[in-house]
Amino acid sequence: MTRREFGWMVTSTAASVGALRGANAQAGGGTLTDVPGIRVGHFTDTRRPTGCTAILFDAPAAAGVDYNGSAPGESQVVLLQPVSPVERIHGIFLTGGGVLALPAAGGALRFMEERKIGFDWGAGSVRIPILVSAVIDDLAVGDARIRPDADAAYAACTAASTGPVATGNVGAGAGATVGKMHRGRGLGGMKGGLGTASLRLGDVVIAALAVVNAAGDILDWRAGRIIAGARRPDGSFADSVEVMRGIVTRTSAAAIQDDALRSTTLVVVATNVALTKTPLTKLAMMANCGGARAIRPYHTTGDGDQLFAVSTGALPRTDVALTVLGSLAADIVAEAIVSGVRAARSVEGWPGLNRS
């Protein structure tokens, strides 16, 4: 895509709105696999709990990233920068276990190598898969010595399908927690989880998957109220940002618990609209605004938040402006985050919203 074409996509908002307005709009809960060409699989280790999630593409997909968190745990994410010559990737691997679980991605690479997924390396039958990996730190839940390994990643890939994506205490969200930055003040946090949502407007599909492991509170962004987060001993919400007001005037108060690498929300946004890496980078930036609607505070100094934007390229429409796609994607991201928390079940020390 040339610079002129990219500029045209950004500025042609009016035409896109008209095109989508005339479409048969369908919206609901939905899942990431509503985008054709994407498969998702989980491995959940109930001993701790922890787990991992594999997102695989039927064909190499274009991808971009926005990571405004200060402490991301990741591998090969740098390849998604527009300056990298690598234009497409073969999968995304998300895992619990913190940076100690990053080697688990080797199991996903083994799965791909066995199936000859990857770019021809010109060395016999060797093919190189491009697998972007990212982690959350869930080591505060249960026995931290139990972490996803290569076999867990392989199992997640094996389980990948186009069916509806399971949510809540599954996969990379199995050990996720939220609202934990004021636990030193006796304000307990709650269980986070993995959520997903999608939107279909005519032939355009936009979907998101979120692993919600935030330091801050989670808001029902449409109603403007906290649904999970820091809680007082009586179970009422403390509002993490409001607590900060008091911290400023009480210099002897306990420090906030926002250490690097402890909190991370991972999001994957996908669409079937054909986009290349540079537009997808902008899409990721816009979609990340949805995280700020549903998480408060967001992108703290300890967060490792990362948002990946993916295009399967199946729909070669050029009349849908990037501004329109990014605006809609932000809403879907917020919905996916809320979905993950609503589906989360309680584990020891971390109450969840799902009572079933």
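A disulfide here is a pair of cysteine sulfur atoms within 2.5 Å. Keep that cut-off in mind as we start with the cysteines of this predicted model. The sulfur of Cys52 has its closest cysteine sulfur in Cys157, 8.0 Å away, so the two are too far apart for a bond. Seen from the other side, Cys157 is in no disulfide either, with the sulfur of Cys52 as its nearest cysteine sulfur. By this rule, the disulfide count is zero. Both cysteines are tucked away, though: Cys52 is buried at 0% relative accessibility, and Cys157 is buried at 1%.

Now for the nonpolar interior. In soluble globular proteins, nonpolar side chains tend to be buried together. In this model, the largest nonpolar core has 41 residues, and the ones with the most contacts inside it are Ile218, Val269, Leu283, Leu325, Val333 and Ile337. Several elements chip in with at least two residues each: strands S11 (193–201), S12 (204–212), S14 (225–228), S15 (266–273) and S17 (306–315), plus helices H6 (277–287) and H8 (322–342). Of these, H8 gives the most, with 10 residues.

To get a feel for the packing, pick Val269. Skipping its neighbours within four places in sequence, Val269 is in contact with Ile206, Ala207, Ala208, Ala287, Leu307, Phe308, Ala309, Val310, Ala329 and Val333. There is also a second, separate core of 32 residues, which includes Phe57, Ala63, Leu80 and Ile130.

Helix H6 deserves its own stop. Eight of its 11 residues are buried, so H6 is largely enclosed by the rest of the structure. Which residues of H6 are buried? They are Lys277, Pro279, Leu280, Thr281, Leu283, Ala284, Met286 and Ala287.

Next, a charged residue: Asp239 sits in the loop between S14 and helix H5 (240–249). Is Asp239 buried or exposed? With a relative accessible area of 17%, Asp239 is buried, because the cut-off for that label is under 20%. Leaving out residues up to four places away in sequence, Asp239 touches Asp217, Ile226, Ala230 and Arg296.

Finally, over to the surface. Val99, Leu100 and Leu261 make a nonpolar surface patch of about 260 Å². Val99 lies in the loop between strand S5 (88–95) and helix H3 (105–114). At 44% relative accessibility, Val99 counts as partly exposed, whereas Cys52 counts as buried at 0%.

Key:
Residues are numbered from 1 along each chain as its sequence is written. This is a predicted model: local features need pLDDT of at least 70, side-chain atom pairs count only at pLDDT 80 or more; totals for chains, interfaces and linings use all residues. Side-chain values use heavy atoms; hydrogens and water are left out. A nonpolar core is a set of buried Ala, Val, Leu, Ile, Met, Phe, Trp, Tyr and Cys residues joined through side-chain atoms within 4.5 Å. Buried means under 20% relative accessible area, exposed over 50%, partly exposed in between (1.4 Å probe, protein chains only). Helices (H or I, at least four residues) and strands (E, at least two) are DSSP runs, numbered from the N terminus. Contact means heavy atoms within 4.5 Å. Patches are made of residues with over 30% relative accessible area and no salt bridge: like charges are joined within 9 Å, nonpolar side chains (Val, Leu, Ile, Met, Phe, Trp, Tyr) within 5 Å. Accessible areas come from the Shrake-Rupley method with a 1.4 Å probe; for residues, only the protein chains shown count as cover. A salt bridge is a side-chain nitrogen of Lys or Arg within 4 Å of a carboxyl oxygen of Asp or Glu.
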